[in-house]
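Thanks, everyone. Let's have the structure up on the screen, and then I'll take you through it in pieces.

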Amino acid sequence: MSRVWKAVTPQAADLAGFLGVEDTVLFVSAHAPNANVMGTLAGAEGLVLVFENACGGISDGALACGAEVLVIPEGDLARMDELLTQVRRRYRRVLIAVEAIAERTGAIADLPRLVEIKQRHQVFLLVDESASFGVLGCSGRGLTEHDGVRPADVDVISCGLGRALGSAGGFV
């Protein structure tokens, strides 16, 4: 997939190079990236874990993808870990979807801990960088740069382009 998109959209390759990821896919809507990815990674027989008060892109994407959705108290990673210990084996695919900076509270996600939980439970991790892209990290690359986490340790980074870039659309 990545080679096809690079050939079709050089802007996606430029963005991927800036972020230090394999590739990006551009969307005409800021809402579309999360909904599309959640459906692919979790699907109708999967599970999506989100924090309460999640942004519209995450909450709408989780509801639209057909997976079961568990809502965790904002930032309560101990509860998330506990729930995954209890229910992980019931689902073929599980996705944790969080905002790098919570749109409604301004809380910054604990990415190193999220990556550790993701790896231990063998689940997918989506980080929505819409409020952190252009803001966090020395170069504005977002939460991975801010926390010193390799972008490859996050399965999907999504972002709307309307805030830092003053544009339309989004990417994963």
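Is Glu116 buried, partly exposed or exposed? Glu116 is partly exposed, at a relative accessible area of 30%. Keep in mind that this is a predicted model.

Stay with Glu116 for a moment. Its salt-bridge partner is Arg113, and the closest N and O atoms are 3.7 Å apart. The cut-off for a salt bridge here is 4 Å, so this pair counts. Both Glu116 and Arg113 sit in helix H6, three residues apart. That is about one turn of the helix. Arg113 is partly exposed too, with a relative accessible area of 29%.

Next, a pair that reaches out of H6. Lys118 and Asp155 meet through their side chains in a salt bridge, 3.1 Å from N to O. Lys118 belongs to helix H6, while Asp155 is in the loop between helix H7, residues 143-147, and strand E6, residues 156-160, so the bridge ties together parts that are 37 residues apart in sequence. How do the two ends compare in exposure? Lys118 is buried, with a relative accessible area of 10%. Asp155 counts as partly exposed, at 35% relative accessibility.

Now the network. Asp81, Arg113, Glu116 and Arg120 are joined into one by salt bridges that share partners. Look at Asp81 and Arg120 within it. Their side chains form a salt bridge with an N to O distance of 2.5 Å. Why does this pair link separate parts of the chain? Asp81 lies in helix H5, residues 77-87, and Arg120 lies in helix H6, residues 111-121, so the pair ties together parts that are 39 residues apart in sequence. Asp81 is buried, with a relative accessible area of 15%. Arg120 is partly exposed, at 41%. The total count for the model is seven salt bridges.

As a general remark, side chains of opposite charge can pair when their charged atoms come close.

On to the strands. Take strand E4, residues 94-99. How many of its residues are buried? Six of its six residues are, and the strand is mostly covered. Val94, Ile96 and Val98 point one way from E4. Leu95, Ala97 and Glu99 point the other way. Note Glu99 in that list, buried along with the others.

Which strands pair with E4? One is E2, residues 47-51, which runs parallel to E4 and is joined to it by four bridges. Another is E5, residues 124-128, also parallel to E4, with five bridges. Ile96 is a handy landmark here. Ile96 stands opposite Leu49 of E2. Ile96 also stands opposite Leu125 in E5.

Last topic: a helix pair. Helix H3 covers residues 32-41, and helix H4 covers residues 56-64. Their axes come within 8 Å and cross at roughly 35°. The crossing is right-handed. Which residues make the contact? From H3, they are Asn34, Ala35 and Met38. From H4, they are Gly57, Ile58, Gly61 and Ala62. By class, that contact has four nonpolar residues, three polar ones and no charged ones.

So, to recap. H6 holds Glu116 and Arg113, and one network joins those two with Asp81 and Arg120. E4 is mostly covered and is joined to E2 and to E5. H3 and H4 cross with right-handed geometry. Thanks, and over to the group.

Technical notes: Residues are numbered from 1 along each chain as its sequence is written. This is a predicted model: local features need pLDDT of at least 70, side-chain atom pairs count only at pLDDT 80 or more; totals for chains, interfaces and linings use all residues. Side-chain values use heavy atoms; hydrogens and water are left out. Axes are lines fitted to C-alpha atoms, for helices over the stretch in contact, and angles run from 0 to 180 degrees between N-to-C directions. Helices (H or I, at least four residues) and strands (E, at least two) are DSSP runs, numbered from the N terminus. A crossing is left-handed if the near helix is turned anticlockwise from the far one by less than a right angle, and right-handed if clockwise. Contact means heavy atoms within 4.5 Å. Ala, Val, Leu, Ile, Met, Phe, Trp, Tyr, Cys and Pro count as nonpolar, Asp, Glu, Lys and Arg as charged, and the others, Gly among them, as polar. Buried means under 20% relative accessible area, exposed over 50%, partly exposed in between (1.4 Å probe, protein chains only). Two strands pair if DSSP finds at least two bridges between them.
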